[in-house]
Amino acid sequence: MQMLSEDLPDPANTISINSAYKDSLGLPGIKMHYRLSDYSRAVLPQMMEDYVNWVQVTNGKPRTLPGAWSSEHHLMGTTIMGTDPKDSVVDPDLRCHDHGNMFLVTTGVMPTSSCVNPTLTGMALAIRAGRTIAAEV
Ligand SMILES: Cc1cc2nc3c(=O)[nH]c(=O)nc-3n(C[C@H](O)[C@H](O)[C@H](O)COP(=O)(O)OP(=O)(O)OC[C@H]3O[C@@H](n4cnc5c(N)ncnc54)[C@H](O)[C@@H]3O)c2cc1C
């Protein structure tokens, strides 16, 4: 059994360029600053309660769980979608606020980390961006 929680947008969480590191093409690496929010931390006790309830209704015997966080590998955020250029990179059609002829078709536009796999949502957003582009070409 696995329990997943959502991470809300947090201006303190950032990705920046790490010029001290270069990959084999000479491109700089990234520096990631991430903190677990109070919102996310508050989910853990609720998850434990839900777990115990679930085990009991299925006639199981609850065990003590380690209660540790682990990360999923779903890529989301950094070029987030929003209506205000002050706190987002693209609009709901994935058009860059700063460059009207540039669209970012990526799950990077998702402002929160969904609990579930993001790729189908990314594809739906890509279709929406494609319709917008086709209408303007
Ligand atoms: C191990 C793993 C398992 C996953 N499992 C699932 C799953 O089961 N279901 C699900 O929905 N999601 C899953 N995901 C998440 C999903 O793969 C990503 O959310 C999705 O691929 C993001 O799509 P994207 O197009 O935004 O980015 P990407 O798929 O990362 O595409 C970015 C592309 O840009 C290219 N690129 C980068 N830099 C440059 C450059 N400078 N010039 C030109 N090209 C460049 C890269 O080579 C890459 O092809 C998984 C991710 C990982 C890592």
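## Around the ligand

Let us begin with the ligand, which is surrounded by H73, H74, L75, T106, T107, N117, P118 and T119. Please keep in mind that this is a predicted model. Sorted by class, the shell around the ligand holds two nonpolar and six polar residues, with no charged ones.

Three of these neighbours are worth a look for their polar atoms. In T106, a polar side-chain atom sits 2.5 Å from an oxygen atom of the ligand. The side chain of N117 places an N or O atom 3.2 Å from a nitrogen atom of the ligand. P118 takes part through its backbone, where an N or O atom lies 3.5 Å from a ligand oxygen atom. How much of the ligand does the protein bury? On its own, the ligand exposes 990 Å², and the protein buries 35% of that.

## T107, a shell residue with many contacts

T107 belongs to the residues surrounding the ligand, and its place in the chain is the loop between helix 1 and helix 2. Is T107 buried or exposed? Its relative accessible area is 18%, and since buried means under 20%, T107 counts as buried.

The side chain of T107 reaches the backbone oxygen of L75 at 2.6 Å. L75, too, is among the residues around the ligand. Setting aside neighbours within four places in sequence, T107 is in contact with L75, M76, G77, P118, T119 and G122. From that list, L75, P118 and T119 also appear in the ligand's surroundings.

## G77, a partner of T107

One of the contacts of T107 is G77, so this glycine is a good next stop. G77 is located in the loop between helix 1 (38–57) and helix 2 (119–136). With a relative accessible area of 14%, G77 is buried.

Which residues does G77 touch, not counting those up to four places away in sequence? They are T107, G108 and M110. You can also compare the position of G77 with that of T106: the two are 29 residues apart along the chain, and their C-alpha atoms are separated by 9.3 Å. T106 is the residue whose polar side-chain atom lies 2.5 Å from a ligand oxygen.

## Two residues with positive phi

Next come two backbone angles to look at. Most residues other than glycine have a negative phi. T78 has a positive value near 80°, and it is not a glycine. L94, also not a glycine, has a positive phi of about 75°.

Where in the chain is T78 found? T78 is in the loop between helix 1 and helix 2, and L94 is found in the loop between helix 1 and helix 2 as well. Their surroundings can be described in opposite words: T78 is exposed, with a relative accessible area of 56%, whereas L94 counts as buried at 1% relative accessibility.

## Salt bridges

How many salt bridges does a search of the whole structure find? The search finds two. In one of them, the side chains of R35 and D10 meet, with 2.9 Å from N to O. R35 lies in the loop between strand 2 (28–33) and helix 1, while D10 lies in the segment before strand 1 (14–22), so the pair ties together parts that are 25 residues apart in sequence. R35 counts as partly exposed at 44% relative accessibility, and D10 is buried, with a relative accessible area of 16%.

R95 forms a salt bridge with E136, and the closest N and O atoms are 2.5 Å apart. Because R95 lies in the loop between helix 1 and helix 2 and E136 lies in helix 2, this pair ties together parts that are 41 residues apart in sequence. The side chains of R95 and E136 are also joined by a polar contact of 2.5 Å.

## The setting of R95

R95 is buried, with a relative accessible area of 17%. What does R95 touch, not counting residues up to four places away in sequence? Its contacts are V89, V90, G100, M102, F103, T132 and E136. E136, the salt-bridge partner of R95, is thus part of a longer list of contacts, which also includes T132 and F103.

Conventions:
Residues are numbered from 1 along each chain as its sequence is written. This is a predicted model: local features need pLDDT of at least 70, side-chain atom pairs count only at pLDDT 80 or more; totals for chains, interfaces and linings use all residues. Side-chain values use heavy atoms; hydrogens and water are left out. A residue is near a molecule or strand if one of its heavy atoms lies within 4 Å of it. A polar contact is a pair of N or O atoms within 3.5 Å; within protein, one must be able to donate a hydrogen and the other to accept it, and residues adjacent in sequence count only if both atoms are side-chain atoms. Accessible areas come from the Shrake-Rupley method with a 1.4 Å probe; for residues, only the protein chains shown count as cover. Ala, Val, Leu, Ile, Met, Phe, Trp, Tyr, Cys and Pro count as nonpolar, Asp, Glu, Lys and Arg as charged, and the others, Gly among them, as polar. Helices (H or I, at least four residues) and strands (E, at least two) are DSSP runs, numbered from the N terminus. Buried means under 20% relative accessible area, exposed over 50%, partly exposed in between (1.4 Å probe, protein chains only). Contact means heavy atoms within 4.5 Å. A salt bridge is a side-chain nitrogen of Lys or Arg within 4 Å of a carboxyl oxygen of Asp or Glu.
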